[in-house]
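Student: I am new to this structure and would like a close look at a single part of it. Could you walk me through the part you would pick, one step at a time?

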Amino acid sequence: CMESEFKQLSDRCNQMFHDVSKNVAKLETEITKFVSSQPLATSSDLPNTETHSVLLQRISDQLEAISQNQANTAPTTQPPSHPVPPVDTFQDPPPSPPTIAQHHQKSTGGIIHEFINENTSTSIIDLLQASDFKSENGRSTLSFGEPYTYTGSKSNRSTAIPFPDVLQPVVDKINQLQKDIFYADHPDMKKNEARHPAPLVNSCLVNRFTGPDSFLPSHSDNEITIHPESSIFTLSLGESASVNFSEIHPEPNLVYDTELTSDHRSLYHMTRKSQDFFRHAIDKGSIANGTRFSLTFRCVSWKNRNSTCIIGDSNTGMLNFGVNKRSTFGELMPGQKYWAPCIKDITPESCISYSNVVILCGINDIKKAEVNRHDDVRNLANSLIDKIKQIKQLNSKCYVSVCPLLPTKSRELNHKVNFFNCVLASKVASLGPGVQCVEGFHGFAEHDGTLVDHLSKTLDRYGGLDILHLNPYGARVLAGLIKRCIFFRLNKGVDRRRGPSNRVNGRLYSSVSGGLPPASQWGSRDGCQV
């Protein structure tokens with residue numbers, strides 16, 4: 001740009017003047033030494049020459065004239081105006097106090113008394129009394145459904161055991177409650193339940209407590225295999241017990257339920273997200289001289305180890321989660337999308353319990369007319385970094401993958417985009433492990449830096465020129481870059497089912513994120529197909 005060329009020209013002139021000054025000073029020294037070594041001459045000996053002192057004075061005067069000429073010829077006006085952010089201070093502004101992330105999780109979602117009738121409870125108790133339990137710390141256990149392991153678990157089961165017939169009506173009733181809770185928290189997803197199905201419980205762990213010496217150690221159900229958007233339900237049969245709740249990281253002024261009495265045929269529930277902030281326990285002496293069974297129902301899958309939360313603007317709109325490899329990220333990458341058109345709309349709490357968080361946001365902030373200085377762009381990048389820090393505060397175990405802003409078809413806007421991406425990359429690098437930039441976005445740009453035509457829309461929904469949005473083919477490439485980033489991090493480029501490999505889920509990494517293949521092969525790309 002002209003601003004850059006002007007700066008280069010000014011630097012070159014300063015360097016030339018410095019070299020001339022250095023050479024003149026060197027010449028002056030040499031002349032002084034030479035003249036000093038010669039016999040003194042009289043004026044008759046040098047009738048048409050100057051004495052060496054006069055010569056040196058003349059050189060000094062000429063040097064001063066050159067210096068004055070350099071100052072007079074230096075441009076006094078600013079370079080021609082350009083629609084990029086004007087040059088101002090390149091120093092970071094004083095750091096603002098870090099924003100403390102707040103969560104709104106509750107220790108328990110509540111309790112439903114008499115969730116099942118007496119006949120159903122009697123049938124379940126008869127089944128459990130005839131079953132074999134394994135002794136664990138303070139109680140004994142038994143499980144049905146999908147295998148569920150946790151710290152201290154004595155179960156080494158790797159295959160599912162079908163729910164007994166007597167439990168199936170209870171499972172169905174709990175799943176209806178699960179759906180009600182899920183869609184109450186995500187009302188926009190209820191509009192399309194087929195695309196956004198509610199998690200369903202598929203595992204049951206039974207604890208048997210016998211007498212006052214039995215207990216449940218303080219713990220959280222924060223296993224990575226539990227669906228991050230699900231709830232955990234505990235049905236109590238037999239003797240009642242007092243369940244105590246405590247904070248994992250105590251916060252001042254936080255109000256929550258510290259105790260709950262779980263009586264016969266009652267059902268209490270907790271969200272998976274709450275388990276990152278609260279523990280629960282049953283102390284010795286809480287249970288009378290009898291037997292209590294607690295049946296805890298969860299939604300578990302080993303695939304949830306790779307659960308992913310995508311937070312983004314309209315360019316993430318065509319990315320879908322699901323099991324169809326052609327139209328979604330596939331079953332090995334379950335997750336949820338959250339809409340955030342601007343940086344301020346990013347909700348860190350939505351990222352709780354996920355293994356991966358992907359962010360693509362900022363272009364709607366950058367394109368605003370009031371963002372016209374470098375400091376404005378830098379402040380936006382800092383606000384995104386602040387959101388990332390809040391996400392890590394609430395979910396320290398997650399891996400955050402930050403997408404650079406996509407190029408646009410406006411060269412003027414791209415100056416701000418490029419500066420934003422440079423600041424963002426340097427800030428992300430300073431955050432340490434657990435935060436990374438998604439690579440490969442240079443493939444979205446033409447040689448002149450504008451958005452590639454065959455990956456972008458031509459017109460917007462109003463019939464005007466669209467300079468920002470990807471088309472379905474561009475969305476496929478974006479999905480491939482995100483998927484490659486996550487699986488590379490997860491497996492370090494190794495497909496553990498087949499040993500060292502350069503494939504993701506059986507497909508080449510190069511086909512996931514490389515340049516767009518010929519049109520005849522567009523239907524076979526990995527990642528999200530739309």
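Tutor: Gladly! One term has to come before the rest: contact here means heavy atoms within 4.5 Å. Please also keep in mind that this is a predicted model.

Let's start at K273. You will find K273 in a loop, the one that links β9 (267-271) with β10 (278-282). Is K273 buried or exposed? With a relative accessible area of 10%, K273 is buried, because anything under 20% is called buried. Who are its neighbours? Leaving aside residues up to four places away in sequence, K273 touches Q105, P228, E229, E349, S350, I352, S353 and Y354. For I352 there is a distance to look at as well: a polar atom of the K273 side chain lies 2.8 Å from the backbone oxygen of I352.

Now move from I352 to C351. How far is the sulfur of C351 from that of C309? The two sulfurs are 4.2 Å apart, and C351 holds the cysteine sulfur closest to that of C309. A disulfide needs sulfur atoms within 2.5 Å, so this pair is too far apart for a bond. Seen from the other end, the nearest cysteine sulfur to C351 is that of C309, and C351 is in no disulfide. By this rule, the count of disulfides comes to zero. Both cysteines are hidden away: C309 is buried at 0% relative accessibility, and C351 is buried at 0% too.

C309 also takes us to a sheet, through strand β12, which covers residues 308-312. Strands of a sheet pair through backbone hydrogen bonds, either parallel or antiparallel. Here, five strands make an open sheet with parallel pairing, in the order β13-β12-β14-β15-β16. At its edges stand β13 (335-339) and β16 (435-437); each has a single partner strand, so one side of each is left without a neighbour in the sheet. On average, neighbouring strands of this sheet are turned by 20° against each other, direction ignored. Between β12 and β13, which run parallel, there are five bridges. You can pick out one of them by finding T308, whose bridge partner in β13 is G335.

Finally, look at the helices on this sheet. Helix α6 (residues 374-394) packs on it and touches β14 (356-360), β15 (399-402) and β16, with its direction at about 160° to that of β15. Helix α7 (residues 411-429) also packs on the sheet, touching β15 and β16, and its direction makes about 150° with that of β16.

Terms used:
Residues are numbered from 1 along each chain as its sequence is written. This is a predicted model: local features need pLDDT of at least 70, side-chain atom pairs count only at pLDDT 80 or more; totals for chains, interfaces and linings use all residues. Side-chain values use heavy atoms; hydrogens and water are left out. Helices (H or I, at least four residues) and strands (E, at least two) are DSSP runs, numbered from the N terminus. Buried means under 20% relative accessible area, exposed over 50%, partly exposed in between (1.4 Å probe, protein chains only). A polar contact is a pair of N or O atoms within 3.5 Å; within protein, one must be able to donate a hydrogen and the other to accept it, and residues adjacent in sequence count only if both atoms are side-chain atoms. Two strands pair if DSSP finds at least two bridges between them. Axes are lines fitted to C-alpha atoms, for helices over the stretch in contact, and angles run from 0 to 180 degrees between N-to-C directions.
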